Amino acid sequence: MGSLNPLQTAWQQLLQMVKGTIELLPNIIIAIVVFTAFWFVAKFSRRLIKNLTRKKQSRNLGLVLARLSQGFIILIGTFVALAIIIPSFKPGDLVQLLGVSGVAVGFAFRDILQNFLAGILILITEPFTLNDQIIFKEFEGTVENIQTRATIIRTYDGRRIVIPNAELFTNSVTVNTAFDKRRLQYDIGIGYGDDIAEAKKIILEVLHNNTDALQDPPPEALVVDLAGSTINIRARWWINPPRRADAMDTQDAVLTELNNKLVAAGIDLPFPTQQILFHDQTEE
Amino acid sequence: MGSLNPLQTAWQQLLQMVKGTIELLPNIIIAIVVFTAFWFVAKFSRRLIKNLTRKKQSRNLGLVLARLSQGFIILIGTFVALAIIIPSFKPGDLVQLLGVSGVAVGFAFRDILQNFLAGILILITEPFTLNDQIIFKEFEGTVENIQTRATIIRTYDGRRIVIPNAELFTNSVTVNTAFDKRRLQYDIGIGYGDDIAEAKKIILEVLHNNTDALQDPPPEALVVDLAGSTINIRARWWINPPRRADAMDTQDAVLTELNNKLVAAGIDLPFPTQQILFHDQTEE
Amino acid sequence: MGSLNPLQTAWQQLLQMVKGTIELLPNIIIAIVVFTAFWFVAKFSRRLIKNLTRKKQSRNLGLVLARLSQGFIILIGTFVALAIIIPSFKPGDLVQLLGVSGVAVGFAFRDILQNFLAGILILITEPFTLNDQIIFKEFEGTVENIQTRATIIRTYDGRRIVIPNAELFTNSVTVNTAFDKRRLQYDIGIGYGDDIAEAKKIILEVLHNNTDALQDPPPEALVVDLAGSTINIRARWWINPPRRADAMDTQDAVLTELNNKLVAAGIDLPFPTQQILFHDQTEE
Amino acid sequence: MGSLNPLQTAWQQLLQMVKGTIELLPNIIIAIVVFTAFWFVAKFSRRLIKNLTRKKQSRNLGLVLARLSQGFIILIGTFVALAIIIPSFKPGDLVQLLGVSGVAVGFAFRDILQNFLAGILILITEPFTLNDQIIFKEFEGTVENIQTRATIIRTYDGRRIVIPNAELFTNSVTVNTAFDKRRLQYDIGIGYGDDIAEAKKIILEVLHNNTDALQDPPPEALVVDLAGSTINIRARWWINPPRRADAMDTQDAVLTELNNKLVAAGIDLPFPTQQILFHDQTEE
Amino acid sequence: MGSLNPLQTAWQQLLQMVKGTIELLPNIIIAIVVFTAFWFVAKFSRRLIKNLTRKKQSRNLGLVLARLSQGFIILIGTFVALAIIIPSFKPGDLVQLLGVSGVAVGFAFRDILQNFLAGILILITEPFTLNDQIIFKEFEGTVENIQTRATIIRTYDGRRIVIPNAELFTNSVTVNTAFDKRRLQYDIGIGYGDDIAEAKKIILEVLHNNTDALQDPPPEALVVDLAGSTINIRARWWINPPRRADAMDTQDAVLTELNNKLVAAGIDLPFPTQQILFHDQTEE
Amino acid sequence: MGSLNPLQTAWQQLLQMVKGTIELLPNIIIAIVVFTAFWFVAKFSRRLIKNLTRKKQSRNLGLVLARLSQGFIILIGTFVALAIIIPSFKPGDLVQLLGVSGVAVGFAFRDILQNFLAGILILITEPFTLNDQIIFKEFEGTVENIQTRATIIRTYDGRRIVIPNAELFTNSVTVNTAFDKRRLQYDIGIGYGDDIAEAKKIILEVLHNNTDALQDPPPEALVVDLAGSTINIRARWWINPPRRADAMDTQDAVLTELNNKLVAAGIDLPFPTQQILFHDQTEE
Amino acid sequence: MGSLNPLQTAWQQLLQMVKGTIELLPNIIIAIVVFTAFWFVAKFSRRLIKNLTRKKQSRNLGLVLARLSQGFIILIGTFVALAIIIPSFKPGDLVQLLGVSGVAVGFAFRDILQNFLAGILILITEPFTLNDQIIFKEFEGTVENIQTRATIIRTYDGRRIVIPNAELFTNSVTVNTAFDKRRLQYDIGIGYGDDIAEAKKIILEVLHNNTDALQDPPPEALVVDLAGSTINIRARWWINPPRRADAMDTQDAVLTELNNKLVAAGIDLPFPTQQILFHDQTEE
């Protein structure tokens with residue numbers, strides 16, 4: 001349509017653009033100032049809410065509100081800033097603005113929104129809280145932080161694992177420290193020639209004498225397998241702070257004591273055993 | 001369009017916004033009060049319905065109704081509160097409000113809705129109930145709670161597992177305690193030189209004498225494998241409360257007794273056996 | 001728009017809401033009564049159809065019709081109840097009502113609809129029926145029930161497995177009891193020094209003498225492997241009720257007899273054998 | 001809107017509904033009669049087309065046409081029946097009727113449509129036909145039936161496997177009986193001290209004498225591995241009806257003969273061999 | 001609406017349908033005739049194009065054009081036939097006709113369209129051609145045919161594998177015969193006491209004397225592992241027609257010769273070796 | 001509607017179609033000519049751009065532009081040809097034309113578009129270039145070509161691997177030749193009785209004397225495991241052209257030398273060792 | 001419609017196209033010039049922002065802003081260039097222009113957008129930064145660069161791994177160097193006859209004397225397993241710069257020292273031990 005002198009038209013359009021941009025400049029500057037103000041208000045509101053909800057039982061709710069209020073204020077700020085730049089702007093236009101195939105954008109933003117929502121729901125439903133020790137797939141460690149996008153775990157050997165919240169939300173999680181006590185177990189293989197009752201007695205004795213093992217629920221010693229070379233007796237005992245470090249320590253003490261006591265009582269902890277039927281075929 | 005004095009326009013728009021916000025303040029306060037009221041009504045209605053449905057056979061239905069009524073009242077409360085803040089608000093606008101690419105939001109909310117629905121359907125169809133012992137993928141334990149988002153399992157050794165309801169809904173679940181009795185089994189390997197009939201007799205004797213093993217259905221002893229070093233006989237017996245703790249105890253008793261009786265009867269529980277054809281090639 | 005006295009407007013709106021709710025109360029009560037009536041009609045129609053179709057060959061069709069009629073009547077009941085509460089309600093509005101991003105709801109309902117449809121199609125196409133013994137992935141047991149959402153399997157050792165119908169519908173299923181006979185097999189390893197023909201003769205003799213093994217199709221004994229330590233002969237025989245319990249029993253009888261007969265005939269069932277080239281390097 | 005006497009309105013609406021239902025009753029009865037008629041026409045047309053296409057080369061096409069014509073006639077019947085009940089009904093309304101979020105229904109029906117289409121395409125493109133022996137993932141057996149939803153396989157030991165057509169359509173399938181001959185192979189391990197040429201000669205001799213092994217393409221014997229304890233020679237021969245039963249029989253004959261001939265010729269089939277460097281450290 | 005005498009209305013509607021169907025009959029017959037004509041034209045056009053493009057370098061393009069032209073003519077035929085039956089039919093109506101939730105149909109057809117497109121793209125981009133030997137996932141064999149839906153592979157032992165084109169298109173494929181030569185390799189383990197240089201010399205000698213092994217690129221012998229019991233030397237040589245049968249033959253020749261030559265030169269091919277520290281604990 | 005004489009109407013419609021087709025013939029011919037012209041222009045433009053961008057640093061950008069310009073010109077050609085055949089054609093109609101459920105087509109084309117885009121992005125972002133040696137999943141080889149649909153890799157033993165670009169784009173790729181040097185390593189197990197320091201000295205000596213091993217960064221020898229039978233020392237050294245052939249050669253040289261030097265220095269490379277507790281139970 | 005002389009019409013349309021193209025030429029040239037200008041402004045703005053944000057704590061934010069500003073300016077440039085070529089062009093038209101089934105394009109672009117967004121979010125949320133050592137699935141190395149599409153890792157042995165950002169964003173990542181210290185561990189197996197307390201003392205001594213092992217948190221030695229042939233004691237110690245090279249060095253030192261000290265103290269590091277029950281069956 002109307003392309004009498006394309007060169008001129010193009011030039012004029014370019015000029016008009018430049019002019020329009022210059023006219024918009026003050027608006028843009030005000031918008032940036034306003035947006036920055038909103039940004040700081042958002043940050044402040046976040047910190048305020050966090051401080052008001054320091055108490056243990058409302059901390060998670062506080063974190064949620066803080067996060068939501070910050071996001072909400074920044075969103076408002078964005079709208080206001082846009083409305084300042086483009087006076088005819090309406091919120092509904094934003095959706096149009098995103099444009100370039102809304103579905104594609106939707107899909108792209110999907111992961112972000114999912115992680116954000118999953119993070120909030122983890123805070124609200126509290127499957128675990130900060131300082132819990134959890135297992136997720138092949139990762140295990142102490143929960144350090146539940147962020148907007150991901151949950152941070154610190155492994156027992158001092159490495160950080162970053163798990164997207166959506167992953168945590170849609171898969172099973174094991175929380176080792178959910179209850180106030182936890183059972184440990186170790187399978188001890190005694191010889192086929194040894195007295196099962198005697199071995200059980202010694203195992204229970206060791207568990208009763210261990211300072212970390214609880215007496216209620218009581219420790220147990222159960223035959224679980226008539227295995228290839230050994231009769232396996234499972235020692236089971238409960239410990240009270242169910243944390244990893246404690247579990248390692250009590251296991252160290254129990255195993256050391258078990259080894260000493262059983263050997264002292266003449267009970268065998270046999271090596272893997274094989275029966276050999278021997279045929280000498282040496283050609284002489 | 002109309003950008004005579006952009007600075008002024010922007011300033012006026014800003015002023016108008018601030019003024020609008022102040023005018024809305026009383027509405028916002030009323031809305032918060034009303035919403036809080038609805039919130040407490042929702043909570044109260046939930047507890048009321050729960051208490052009214054304490055009886056065993058209607059408890060699950062009660063949990064469902066309680067959950068639905070709470071959600072419904074909060075939804076109504078949200079609509080009322082919004083209608084107070086924005087008098088021209090209509091429910092239909094909410095969908096628009098969600099905006100920013102509805103598909104993305106839909107996808108993001110999908111996991112939440114799915115888990116919520118799955119939770120309700122688990123309560124209604126009752127594949128398992130509280131205190132059942134279930135196996136799901138690599139996890140096993142006692143069902144502690146069926147929440148809105150997830151089902152909580154307590155492992156036998158005192159750890160908590162959080163399984164999203166949608167996972168439980170779309171995958172196979174094994175319920176160990178669904179029926180009132182359950183069969184246990186243990187494969188015992190006797191020597192190739194021993195009498196199969198004799199061994200079977202002793203095994204059945206042990207199972208008949210065990211106090212936990214049921215006599216009806218009767219225990220069985222079946223040859224299942226002519227294995228490398230042993231003839232494997234499978235001892236099978238039923239126990240009545242099919243819970244894990246009972247299974248462990250009866251297995252302990254059966255295995256101890258089996259070992260003692262079989263050895264006493266001179267029946268071999270042989271070690272892994274190998275036949276060696278020996279060629280001495282020592283260079284002398 | 002029109003915010004002269006927001007406080008008053010809000011208050012009036014609140015009052016109007018309360019008033020509207022009170023006016024609706026009788027409608028709501030009638031609606032609940034009507035819906036409950038429909039609910040019982042639905043339940044009754046389901047039971048009626050089930051009873052009318054007790055006969056073996058039409059039982060599955062009966063289950064399908066019963067299920068569909070129940071669902072249909074409840075749906076009608078829902079429409080009627082809604083029409084009573086909101087006189088201006090039209091079925092088409094329901095879709096709108098679901099609102100809040102229809103796609104999300106659609107996705108959430110998808111699993112439920114899929115399982116429901118899959119359940120009906122399993123009943124119609126009958127890949128298996130009640131009391132069949134099936135294998136699905138790592139699960140095996142007897143089909144106890146084909147419900148709306150899931151198929152219930154009872155394992156041979158008395159545990160329940162709940163398999164979502166959609167899973168059964170989109171994956172391969174093995175039906176052990178589909179045909180009236182089934183072949184069992186067991187690989188017997190004889191020594192390299194033994195006579196293959198002799199061993200085969202004894203194996204076939206044992207299978208012919210076994211009361212459970214069918215004579216037509218006849219049992220077979222085939223060399224399948226010249227393995228490391230043994231020549232493996234596969235004994236194959238057919239049993240008539242192809243159920244698990246029968247398979248276990250006949251296998252027990254066959255294996256016991258095979259072991260006795262082969263040993264009696266001087267045929268070796270050798271242990272794993274190794275040839276050792278020995279170099280004594282003891283420093284003396 | 002118009003809620004002067006809600007109780008009355010509700011009552012009238014209920015009455016009107018009941019009246020409408022009664023007036024519709026004759027229509028419903030006619031509709032059921034008509035639909036049943038269509039149902040039988042559909043069944044008859046299916047059987048007719050099947051009988052007309054008994055011949056081998058057009059059987060699959062016949063199955064497809066029979067299936068399509070049945071489905072088409074039932075669809076027409078549904079439309080006619082609906083048009084009788086609701087005189088103002090138009091086909092286009094059906095889509096609306098399905099309602100409740102068409103996407104959800106679409107997704108739910110997807111699996112059914114996919115399996116139906118896949119079944120037809122398997123019949124047309126004929127990757128395999130009835131009585132072929134196929135391998136699909138971990139399943140192997142003889143194709144018994146290609147149904148609308150699934151393909152039925154009978155394992156060699158008399159069990160039924162139900163594989164959804166969509167699975168077969170989108171994954172690789174191995175057809176053992178696609179060609180008229182098939183090669184079998186068996187790796188024989190001879191001793192390191194034996195003569196490779198001599199062993200090969202005996203293997204080829206055995207294969208040439210076997211009645212089932214084809215002479216064209218000729219059998220082969222190839223060294224494939226200088227393994228730990230043995231030199232592995234691969235015997236390869238072709239059999240003509242490439243079915244499983246034949247393969248088992250010929251393998252039985254070949255292996256028996258190979259063992260006898262090789263041993264007779266003094267060629268070793270050695271046991272797994274190990275070299276031991278021995279250090280006696282007995283403390284005396 | 002207008003249900004004065006429903007019975008009559010229904011009857012008249014039924015009559016009208018029957019009458020309409022009869023009036024349409026001639027159209028339907030013409031439509032079938034026309035469609036059949038188009039069908040044969042399509043088949044003929046396909047064969048014609050195939051014959052015109054017999055030459056090696058344009059054969060694939062010919063196959064593509066033949067396939068597309070056939071599909072196009074049948075599509076036209078369908079439109080014409082439909083236009084004859086329903087004179088007011090317009091192509092745009094077809095989409096409507098498919099109805100019953102277009103998304104569901106779309107999803108169902110998706111696999112078919114994908115495989116069709118993938119098949120054409122495989123013919124055009126030629127990752128492999130007929131008679132190539134390819135590996136796809138766990139399948140290996142010679143490409144027999146690239147069909148519309150699937151690619152047919154013949155395994156070396158005479159079985160057919162049907163791989164959906166979409167699978168081949170979206171996953172990695174290995175083409176063994178893409179280049180005119182290919183390297184083979186075999187790891188030979190010599191004893192720790194042997195001379196590495198000597199062994200290498202013999203290996204290269206064998207490879208140079210082998211008639212199938214190319215001299216350019218030259219064969220190689222490289223130490224690759226100081227393994228548990230052996231020093232592993234990798235023999236690598238190139239063969240010219242890189243087909244499976246040739247590879248098997250040359251490997252047979254090389255391995256036989258290597259074994260003979262190495263043993264003749266006194267180089268050890270040791271059995272797995274273990275060092276035993278022996279403690280006699282026999283209680284006497 | 002208007003079906004007075006259906007036979008006539010149908011006949012006339014058929015005639016009109018034939019007539020319309022004949023009238024369109026010249027247009028079709030012109031369209032084909034025009035499209036062919038565009039096709040050659042596209043090919044020419046591609047070659048031109050490729051030739052203009054021969055230089056190393058702009059070659060990839062050239063490949064991208066060549067590919068895009070060719071695609072763009074062919075697209076224009078298609079539009080022009082269509083506009084010639086159907087004068088009333090508008091580009092917007094193309095989308096309609098694709099018809100038959102656009103979603104299905106979209107899904108079907110998705111893989112093609114994805115691979116095309118992925119190919120261009122690989123060329124632009126250059127994770128690897130031609131002649132790089134890469135590892136992708138279980139495949140390893142030299143990059144031969146980055147085509148529109150797939151990337152071609154040549155394995156070291158002369159086979160071709162075709163990897164779809166979308167696969168390469170969405171998964172991790174290892175580029176062995178990305179940097180100018182690369183470290184090799186080999187774990188050597190010495191006896192528990194040997195001197196670790198001595199062994200380390202010899203290993204470093206060997207690495208320093210090797211002509212291919214770089215002196216900067218220096219070679220290293222580190223104890224990494226106190227394994228079952230050996231103390232494992234890891235020899236690590238850098239090589240400069242980090243290509244596979246060089247790595248194999250230097251490893252050959254290092255291993256040969258290491259074996260010779262360590263043995264000469266009296267350091268043991270022990271066989272797997274086991275301690276045997278011997279109980280003679282021979283019944284005499 | 002209007003096809004009086006199709007040949008003429010086609011010809012005229014072709015002429016008009018050519019003429020239109022020529023008239024557009026100056027516009028196209030200006031557009032290219034303008035676009036190129038924007039391109040350089042974008043590049044310059046990127047570099048400017050990068051240089052302004054060199055400081056450690058704002059570097060990531062700088063990278064983000066630089067990347068966004070560049071993208072934004074190029075987008076503006078594209079719009080301007082298009083507006084110059086087609087004066088009637090409006091941004092909204094771009095979406096239409098993309099055409100050819102927007103969903104397909106959306107899906108195709110999805111991966112690109114996802115990776116781009118994921119890259120920005122990794123920079124902002126900082127799960128790891130440049131020079132961190134991370135583990136992702138089976139890959140481990142030092143982060144070299146966080147690009148728009150992918151994150152580049154350099155393995156410790158000098159190879160490059162290219163990981164798409166979307167992969168890193170939606171899966172768990174382990175960051176080895178997140179904290180300033182990290183724990184190393186090594187399991188040492190001592191003999192069953194050795195004194196556990198003595199062994200622990202020596203292990204702790206070695207760890208205390210090691211210069212790299214921190215004294216706070218203190219090193220530990222814990223019994224972790226009564227294994228088949230050994231009692232396993234886990235040595236655990238912390239190192240301060242938790243980088244791979246340091247870990248290797250300290251492990252080398254600790255293992256060497258442990259071996260020397262334990263052997264010197266007469267503590268056994270036993271070989272795998274087996275108990276042999278010996279039956280001499282040599283036929284004499």
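The span to expect of a helix is 1.5 Å times one less than its number of residues. Keep that handy for the first stop in this predicted model.

**Stop 1: helix H6 of chain B**

Select residues 196-209 of chain B, which make up helix H6. At 1.5 Å a residue, these 14 residues should span 20 Å, and the end C-alpha atoms are indeed 20 Å apart, so the two agree.

Now pick out the buried residues of H6(B): B:Ile196, B:Ala199, B:Lys200, B:Ile202, B:Ile203, B:Val206 and B:Leu207. Look down the axis of H6(B) and you'll find them within an arc of 165°, so they line one face of the helix. Over on the other side, B:Ala197 and B:Asn209 are exposed.

What covers the buried residues of H6(B)? From chain B, show strands S6 (182-190), S7 (220-226) and S8 (231-239) plus helix H7 (244-264); then add helix H7 (244-264) of chain C, since the cover includes that too.

Before leaving, zoom in on B:Asp195, the cap at the N-terminal end of H6(B). One of its side-chain oxygens lies 3.1 Å from the backbone nitrogen of B:Ala197.

**Stop 2: A:Arg159**

Hop over to chain A and select A:Arg159, in the loop between strand S3 (150-154) and strand S4 (160-164). Its side chain makes a polar contact of 3.0 Å with that of G:Asn176. Show what else A:Arg159 touches: among them are A:Ile153, G:Ile135, G:Phe179 and G:Arg182.

**Stop 3: chains G and F**

Finally, superpose chain G on chain F: a rotation of 52° with 0.1 Å of shift along its axis does it, at an RMSD of 0.1 Å. The copies use different surfaces, though, with 18% of the contact residues of chain G recurring in chain F.

Methods
Residues numbered from 1 in each chain as written. Chains lettered and ligands numbered in written order. Predicted model: local features only at pLDDT ≥ 70, side-chain atom pairs only at ≥ 80, totals over all residues. Heavy atoms only, no water. Least-squares fit on C-alpha atoms with pLDDT ≥ 70 in both. Contact = heavy atoms within 4.5 Å. Helix = DSSP H or I, 4+ residues; strand = E, 2+ residues; numbered from the N terminus. Buried < 20%, exposed > 50% of the residue type's maximum accessible area, 1.4 Å probe, protein only. Arc of directions from axis to C-beta. Polar contact = N/O pair within 3.5 Å; in protein donor to acceptor, adjacent residues only side chain to side chain. Lists of a residue's contacts leave out its neighbours within four places in sequence.
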